[in-house]
Amino acid sequence: AFGRRPASGLRLMVEFVSANPTGPLHLGHGRQAALGDAMCRLYESQGWAVTREFYYNDAGAQIATLARSTQARIRGRKPGDADWPEDAYNGEYVAEIAAAYLARATVHADDRAFSATGDPDDLEAIRQFAVAYLRHEQDLDLRAFGVAFDHYFLESSLYVSGKVDAAVERLRAAGK
C-alpha cells in the first residue's frame, strides 16, 4: 500500500494495544502502542483515512478474577491470607481499586462515567467499576505516551447486544 495513494475515500481501521483491563500497562503494551501509532501515521502520510481502535477484552474469566480479587481486597483480605483466592491478582493496584470503590469514587473511561456503589456484596458493580478504573488508568498512560484512539470497542457489548448468542445459534442451526 505504501508508495501509491489510495482511491479517494478509502479508509483503514487499525486495532492496536488492546490490553485486557486486568492490570496496568506493561512494556509490551507500550511497544504495541508505539508500533500501532507509527503504522497509522505512515498510512496517513500516504493519504489513507485511518481510524484507530482499542479493543477491550472486558468479559470472561480474567475479568471475573479481577472482580473477585477486588472484592477480596474490599473485604480486607490481602495476598498471603489463608482465605485469599488462589487465582487472584496480587498487585497493589487491586488494593487501590478497592479503596476507590469503598470511597464511592467516580471514574471516567472512554465516554462514560462509572460511580462505585461501595457495596462489597455486589460483584457485578465491583466488576464494572474495576474494569472502568483500569481502562481509565490505561487511557491516561497512553495519552502520556502520545497515543490516542478514535474508537473503543468493548467485548462485553457483543454479549449485551446478543450477537454472541445469535452467532452460536446460527452455528447450531447449521449443524455445527
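**Exercise 1. Confidence**

What pLDDT does the chain average, and what percentage of the residues score at least 70? Then find which element has the lowest mean pLDDT and which the highest.

*Solution.* Remember to begin with the kind of model: this one is predicted. Its chain averages a pLDDT of 92, and 95% of the residues reach a score of at least 70. Next, go element by element. Strand β5, residues 151–154, has the lowest mean, 89, while α3 has the highest, 98. A friendly reminder for any model of this kind: where pLDDT is low, the predicted coordinates should not be read in detail.

**Exercise 2. The largest nonpolar core**

Work out how many residues the largest nonpolar core has and which elements give two or more residues to it.

*Solution.* Start with the count: the core has 21 residues. Those with the most contacts inside it include Leu 66, Ile 97, Tyr 101 and Phe 129. Now assign elements. Two or more residues come from each of α2 (61–74), α3 (92–102), β3 (106–109) and α4 (123–144). Of these, α4 supplies the largest share, eight residues. Apart from this core lies another, of 16 residues, with Phe 16, Val 17, Cys 40 and Val 147 among them.

To zoom in, select Phe 129. Leaving out residues up to four places away in sequence, Phe 129 touches Ile 97, Ala 100, Tyr 101, Ala 105, Val 107, Phe 114, Ser 115 and Ala 116.

**Exercise 3. How α2 meets α4**

Are the helices α2 and α4 roughly parallel or roughly perpendicular to each other?

*Solution.* First take the axes: they come within 9 Å and cross at roughly 105°. Angles of 65 to 115 degrees count as roughly perpendicular, so α2 and α4 are roughly perpendicular to each other. Then list the residues in contact. From α2 come Ile 63, Leu 66, Ala 67, Arg 68, Thr 70, Gln 71 and Ile 74; they meet Leu 123, Ile 126, Arg 127, Ala 130, Val 131 and Leu 134 in α4. Sorted by class, the contact has nine nonpolar, two polar and two charged residues.

**Exercise 4. Two residues to classify**

Decide for Leu 123 and for His 29: buried, partly exposed or exposed?

*Solution.* Leu 123, in helix α4, has a relative accessible area of 33%, so Leu 123 is partly exposed. Leu 123 touches Ala 67, Arg 68 and Gln 71, not counting residues up to four places away in sequence. The C-alpha atoms of Leu 123 and Gln 71 are separated by 7.0 Å, although these residues are 52 residues apart along the chain.

His 29 lies in helix α1, residues 27–45. Buried means under 20%; with a relative accessible area of 15%, His 29 is therefore buried. With the same sequence neighbours left out, His 29 touches Val 17, Ala 19 and Pro 24.

Key. Residues are numbered from 1 along each chain as its sequence is written. This is a predicted model: local features need pLDDT of at least 70, side-chain atom pairs count only at pLDDT 80 or more; totals for chains, interfaces and linings use all residues. Side-chain values use heavy atoms; hydrogens and water are left out. A nonpolar core is a set of buried Ala, Val, Leu, Ile, Met, Phe, Trp, Tyr and Cys residues joined through side-chain atoms within 4.5 Å. Buried means under 20% relative accessible area, exposed over 50%, partly exposed in between (1.4 Å probe, protein chains only). Helices (H or I, at least four residues) and strands (E, at least two) are DSSP runs, numbered from the N terminus. Contact means heavy atoms within 4.5 Å. pLDDT is the predictor's confidence in each residue, from 0 to 100. Axes are lines fitted to C-alpha atoms, for helices over the stretch in contact, and angles run from 0 to 180 degrees between N-to-C directions. Angles under 35 degrees count as roughly parallel, over 145 as roughly antiparallel, 65 to 115 as roughly perpendicular and the rest as oblique. Ala, Val, Leu, Ile, Met, Phe, Trp, Tyr, Cys and Pro count as nonpolar, Asp, Glu, Lys and Arg as charged, and the others, Gly among them, as polar.
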